[in-house]
Each structure stands twice: as structure tokens, then as C-alpha cells.
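Me: Hi! I've got a structure open and would like to talk it through. Could you help me find my way around?

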Amino acid sequence: MAGSLVAAVLAHSGRLDKEDLGTRIGRLSRRVEELKGEVCTMINKKYSEFLPSVQSAEELGGQVDGLARNIELLRARIENEVQQDLNVAVAEFAELKQQLEQDTLVLSILKKLQEFDTAIKEYNTALLEKKYVAAAQQLEKARSSLKVLGSRRGFELKILKALNTELTVQTQNMLYHLGEEWQKLAVWKLPPSKESSLESAAQSELHLHTVPPKEKVAGPPVAAVLQAFAVLGELHTKLKIFGQLLLKYILKPLISYPSLQPLTEEQSDVLILRFKSEEPALDHSSPMEVFDKIKLVFEFLHKYLLNVPLEQPAEDKEDCSKVTLAELLGEVIWEELSDCLIQNCLVNSIPTNSSKLEQYIEVIKSTEEFEKALKNMQFLKGDTTDLLKYARNVNSHFANKKCQDVIVAARNLMTSEIHNTVKISPDSPVALPRLPGPGADHSQMQKSPQLLHNETVNLENETKLSQFTFSLPTCRISSSVEKLMELAYQTLLEATASTDQCCVQLFYSVRNIFQLFYDVVPTYHKENLQKLPQLAAIHHNNCMYIAHHLLTLGHQFRYRLTSILCDGAATFVDLVPGFRRLGMECFLAQMRVQKGEILERLSSARNFSNMDDEENYSAANKAIRQVLHQLKRLGKVWQDVLPVNVYCKAMGTLLNTALAEIVTRIVALEDISTEDADRLYSLCRTMVEEGPQVFTPLLEDNKNKKYQEEVPVYVQKWMTFKELMIILQASLQEIVDQWADGKGPLAAEFSAAEVKSLIRALFQNTDRRAAALAKIK
């Protein structure tokens, strides 16, 4: 180290002289020696302090080894000696514990058997003394003890089965005695006939052998019997049977038969409830009368039977509640009694007219008083029942009943005979309700018709349409359909005076009428509509009549209905296309049937060929006659039924079918002799002469001539047919003249090919024919 320091110094100060260098080297050497001495001193001091710690640690290690050897010896001793003693003690403890549990179980079972035996003995004593409540309580104690015995799992006793049998026998014995007592207290005398009728109902009687309240007798038998039933849990069953008898033979007859009146009679030993029959003023009793009858019955029962306080048993003895027999009976029969009162009494009292709704307040008050009286007798509890809710909701029930009656009446009209008709015309009086205009008040409704007329005259334009412009043409409709429309108008008029809810229901009931018509009539009368042309025509008129009224029906009532419907919902216009289509489809189907019959008859004419043969001519003549007969028959059937324009179009279409078929068959002939042409002309002349006679839309013959003269307007092939007749009798030159280079009347009805075909069939092949054919182009 010294050498390194010296070298460093020399390297750093090369200019130092030798004397200074030696001095400094000496100093450095001395300093190095001092540092060595200090280091040695510090090492000795640390060693002297560390040595005792090492010695102490070695001593502690020796002690730990000794303790470990002692612990090992102790563990071996516990495993070999103490553990065996401990296992023996645990086994002895478990055995003693099991024996204690068995002894405790045996003791508890013996105790329960003793309680069961004691309860049965005390029950027999109480039963002999007719202490029914005490006897019933002892039976329940016995049942409770037996229940505990049966719940002991793993400890089965053969005696339990015998005890169960004994308990069942004694319970049934008890119930038998109680039943005998109950039958003595409440005796029913019922009619021999099981059929429900006024005569059998009048024979029903209820005899009560109970002690009247005015006689102070301790512990009335009825209370004891009923309390015993309650303890045994059979009171509900008995009350249910009693309640059903009460409903069937007392309460329901009073509701259903207005002539029955309840009659009570008190004798020395019996109280009797029977009926007396009186001549009823109406078919249905008013709710007030029915409520009075029912109240009289319950007052009688409450006074002599139902006003008995009872304790209802519960699993926890502290939770036993006290109730009266009236309350329990009410829970059993009130729901059924309430439904019967609603269906057979309140339903019949609902007004059929909105003007009578205000009078229904008396029924609501009577219902409230009736329920209040039943609550005072504790027969009812709680708040408003379904009976009172039904009475208070009269507006809804009125609307439902009104809607139901309307639909039933409408359906009866729809299923009535269609052929009973009435004639309607534009100038016939219409039985429609008179409604005020939009915004008119009540005072304006009272103005005279003359005043209203004078007011509207000033608003009219000078140019007027005919009063029949938008009227339905004269025709016949079913009287049932006329009544149906009157029903719709009257129902809507009723809706204008009803509440908003009722108004909406009645409005949609009217819509349902027409939707029902759309579905019911075509189905119910399907067979007749297909077979009978007159009924098809009447049905067509019916549909058009309904559609005609539906166009304006909603508008007439729009401003008189509730605001909910005034925003555009009050309309029937959407039903109009459906009704028009319904009427047209039915009539067109009948037209197709008639067309088919015409074509079938003409098919027997043997294609109108070889008319020089008598058989062929006779067959063709017969076919023509049959077609004319059919058309004349249809003309009579539809006469004064269809509107004139519809009648003429229909007859024109059918006659046109016949003429078109004849023309087609004659034009198709390849050879027509002179005699054939004459006979074909004769047949065609028959059609031309007698065809117009089928147009008889009116009953007056002199008025039908106008329409017979207008046959070409309705029969498209009429002129074609007449041109064919001309060809059958014309010469070649006449035919060429009729053609007139494609500008004549013949060219307007036949094509060049058809005319050439007729020329070839009628005339022999000559130069003249060739020349004529050349001009037909």
C-alpha cells in the first residue's frame, strides 16, 4: 500500500526534490501503522462480546432437547394408559343416554295412553249426561293424544290401530247423537216431488223446536249441539247441508215465484216457516218485494236459530275466535244466494229504456238497506258485496242488456222469411227519427216544421236537383229488413240520450247488427237464395237498401252522440262496399244459373242444322220456346221486385245470351238450304217478336211498352240478330249492299269472315257468289 501511495505521489509531483519526498514518505508510513493498530483493537473488542452469547445459546439448546424427550415420554403414556380409560367412559355414557331416552319415551307414551283412557272415560260420562260440548272436547283431547302417539317414529305400538278404531267409533257415535238432536231442533217437511215447480215449492216447511229468547233457560240445547259440532269440526258440513236446503226450498222459490209469500207461525212447542200463495200482479217480483221476503226469512231464523254465539276451535287454544251461527251460515250460502238474486231478480229489473234509469235509484237504495239489515243480523260482514256492486253498476248492465236485446231482435229478423216484402219508392214516407242539426239546442228542436222550412229556403240555390236524385229506386225489400233498419235507427236514437259508456256500446251494437247480417243471412238462407230467383232479387234489394242507409246513417247521428264518437268514429260508410258486393254476388250467381239453363236448353236445338228435317226443326223450335218461357217466367218473378233499371239490364243480359248463342250456332253452319234458311228465319222471327215481351218490369202493362221498345238498349246482340235475319232472306246483291264496303249496318254487326261464311253456306258456288265474296273485305 505504501509503495502505491509513493508511486502516486511521484507521478503527481515529479518536480519535488528528494528531501521533501522522503519526509512525506515517512509521514505516510507512520499513519499506516496507526491504522493497523486501531483495526486490531476493534476486532478484539467484538470477539470478547460475541463469545458469551454463543455459550448461552448452546445451553438453551440443551434444555430444549431435554423437554422434547419428556414430552415424548408423556405422549406415549397417554396413548397407552389414559386413552383406553376414556373410550370405556364414553361408551358407558352413550349407553346410559340411550337408555334414558328410551325410558323417557316410554314414560311419555304411557302418559299419553293414560290421557287417552281418561278422555274416553270422561267422554262416555259426559255423553250419558248429554253434555255434548264436554263430550266433544274430551274426544278432541283423545284425538290429540293419539296424534302424538302416532307421531313417535321408531316406536310402533300395535295398540295404536285399536285405539284409532275406538276413537273413530266413538266419534261417529257422538256425531250420530248430535245428528239426532239437530234433526229434532230443525225439521224439514219437503214436497214428495223433486221437480221444481210452484206447487211443490208451496208445500215446503221448516219447523224449529228451539227455545224462544224470551224464555230464560240456561244452556239452550241448540247452542250445545252446534258448539259440539264446531268442536268436532263438523259444523261447516252441517251448515252446508242446512244452507242448501234453505236455498233450494225457501230462498230460491221466494226469488223465482212472485206469488209465494213467507208466513211464520209460533206455537207452544214449535216455530213454523211456510209459504202462502197469492195471485201475482207481474211475471217478475220487484227487487224491493224480493228483499222484503228474504229479510223476513232471515229475521225469523236469526231470532230463533242463528243468533247463537260459538267458539271456533283453532290449533292454538289461545286463538279461538267467537262467531255467531248467522255469520257462519252467511259464509256458506251468501255467494250462491247473491248470484241467484242477481240472475233472477236484479237482471229482470234493469230498465229497457234510458228514460227509466232514474227510477232505478230506488232499487239501489233497497239493495243497500237489504245488505245493511243482513249485516245487522251478522249474516254479512265486510264492505260492499257483489250484489250491491251489480245494482250500482246499472248503467253498464243497462247497456249490456240493451245491446243483447238488440242483437237478439236483429237475429230473429234476419232468420225470418225473406219473401214477405214491402214496396219502397222515392216518394214513400220514411219512418226515420227527426234529429236536430249540428249545434242546435233544445229550443230549436221544438220549432215547427214550417218555420224550419222557411229558414232553409233562403239558403238554397236557384238551380235545384231533383228531390229523388239520391233516392233509392222503387223496388221491393223484405219487411224484416225494413224493421231491421228501424231497429238500428231507434237504437242510435236511444244512444243519443244515454251515458257516454252506454252510447258507445249501443253504437257498436248497431254496427254489430250489420256485420251479423253480412254473416248470418247468406248462410241461413243459402239454399233458397241459390234455388229461388225471386229471393235472390229480394236479397239483392235488401243489401242495396241497407247500403243506401249506411251512407248517411253515421252522419245523421254524428253530432248527437258522445264526443268520443264525434271525432270520426261514428260512421258506417266502411260497411257499404261489403253490402253492395254481397247483394251483387248473390244476384250474379243467380244470373249465372239462369244463363246456364238457357244454354242447356239451346244445346238441344241440334246446332240449328238441317232444318228441313222435321225432327231437327221441332227440336230447335222447342228449345226456342223453352228459352222464351224461362225468360217470361223470370220476367214475372222479378216483376215489381227489382228496380226497373236493374230488371231491364238483367233480362237484357239473359235475352242477349240466348241471341248470341243462336247467332254463333247459325254462323257456324257450313250448308244452309233455302228451306233451312226459311225455317231459321221463322225461328229467329219468333225470338224477335216474343223476346221484347219478357220486359215487364211494372205491373201495369201499358207502362211496360216503353221498355219493350228499348230492347236494343239492353240487348247488345239485338241488331246483330236482326241483321242475321236479313241475311237469311236476302239475295247476294242485297247482302253486298248491306255490307257497303265495310261501312253498312251489316259490317257493324258481323266481321268479313262471318259474312263470307254465311254466303258460302247460303249460296252455291257460282261466279256471282265469287264476285260477292270479293266485295266482302
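Reply: Happy to; here is a walk through the chain as a whole and then some single sites. One thing to keep in mind is that this is a predicted model.

Me: Good to know. How many helices and strands are there in the protein chain?

Reply: The protein chain has 29 helices and 8 strands.

Me: And what share of the residues counts as buried?

Reply: Of its 777 residues, 39% count as buried. The chain exposes about 45,300 Å², and carbon and sulfur atoms supply 52% of that area.

Me: What about contacts in the chain, how much comes from residues 24 or more positions apart?

Reply: Taking contacts with a separation of 6 or more, residues 24 or more positions apart account for 74% of them.

Me: Let's zoom in. Where does threonine 367 lie?

Reply: Threonine 367 is in helix 10, which covers residues 361-376.

Me: Is threonine 367 buried or exposed?

Reply: Buried: its relative accessibility is 0%, and the cut-off for buried is under 20%.

Me: So what does its side chain do with its polar atom?

Reply: A polar atom of the threonine 367 side chain sits 2.8 Å from the backbone oxygen of valine 363.

Me: And which residues is threonine 367 in contact with, leaving aside neighbours within four places in sequence?

Reply: Those are Phe291, Leu346, Leu387, Leu388 and Ala391. Leu387 also turns up on the list for serine 338, which is in contact with Asp386 and Leu387 once its neighbours within four places in sequence are left aside.

Me: Oh nice, where is serine 338 then?

Reply: Serine 338 belongs to helix 9, residues 325-349. With a relative accessible area of 3%, serine 338 is buried as well.

Me: Switching topic: how many disulfides does a search of the whole structure find?

Reply: The search finds 0 disulfides. Cysteine 403, for one, is in no disulfide; its nearest cysteine sulfur belongs to cysteine 502 and is 6.6 Å away.

Me: Why is 6.6 Å not a disulfide?

Reply: Because a disulfide needs the two cysteine sulfur atoms within 2.5 Å. Cysteine 543 is in no disulfide either, with the sulfur of cysteine 586, the nearest one, 7.3 Å away.

Me: Are those two cysteines, 403 and 543, buried or exposed?

Reply: Cysteine 403 counts as buried at 11% relative accessibility, and cysteine 543 counts as buried at 0%.

Me: How about holes inside? How many cavities of 30 Å³ or more does the structure hold?

Reply: There is 1 cavity of 30 Å³ or more. The largest cavity has a volume of about 90 Å³.

Me: What lines the largest cavity?

Reply: Its lining is made up of 13 residues, and those nearest its centre are Leu413, Met414, Ser480, Val481 and Phe517. Two or more lining residues come from each of helix 12 (394-414), helix 15 (479-496), helix 16 (500-524) and helix 18 (533-557). Helix 15 gives the most, with 3 residues.

Me: Last thing, the backbone. What is the phi of phenylalanine 608?

Reply: Phenylalanine 608 has a positive phi of about 60°, although it is not a glycine. Phenylalanine 608 sits in the loop between helix 19 (576-602) and helix 20 (614-638), and counts as buried at 2% relative accessibility.

Me: And alanine 740, what is its phi near?

Reply: Alanine 740 has a phi near 50°, again positive in a residue other than glycine. You'll find alanine 740 in the loop between helix 26 (732-739) and helix 27 (745-749). Its relative accessible area is 32%, so alanine 740 is partly exposed.

Definitions and conventions
Residues numbered from 1 in each chain as written. Predicted model: local features only at pLDDT ≥ 70, side-chain atom pairs only at ≥ 80, totals over all residues. Heavy atoms only, no water. Helix = DSSP H or I, 4+ residues; strand = E, 2+ residues; numbered from the N terminus. Buried < 20%, exposed > 50% of the residue type's maximum accessible area, 1.4 Å probe, protein only. Polar contact = N/O pair within 3.5 Å; in protein donor to acceptor, adjacent residues only side chain to side chain. Contact = heavy atoms within 4.5 Å. Areas by Shrake-Rupley, 256 points an atom, 1.4 Å probe, with all protein chains shown as cover. 1 Å grid on protein atoms, 1.4 Å probe; cavity = no way out; pocket = protein on both sides within 12 Å on 5 of 7 lines; lining within 4 Å. Points joined across faces, edges and corners; volume = space filled by probe spheres on them.
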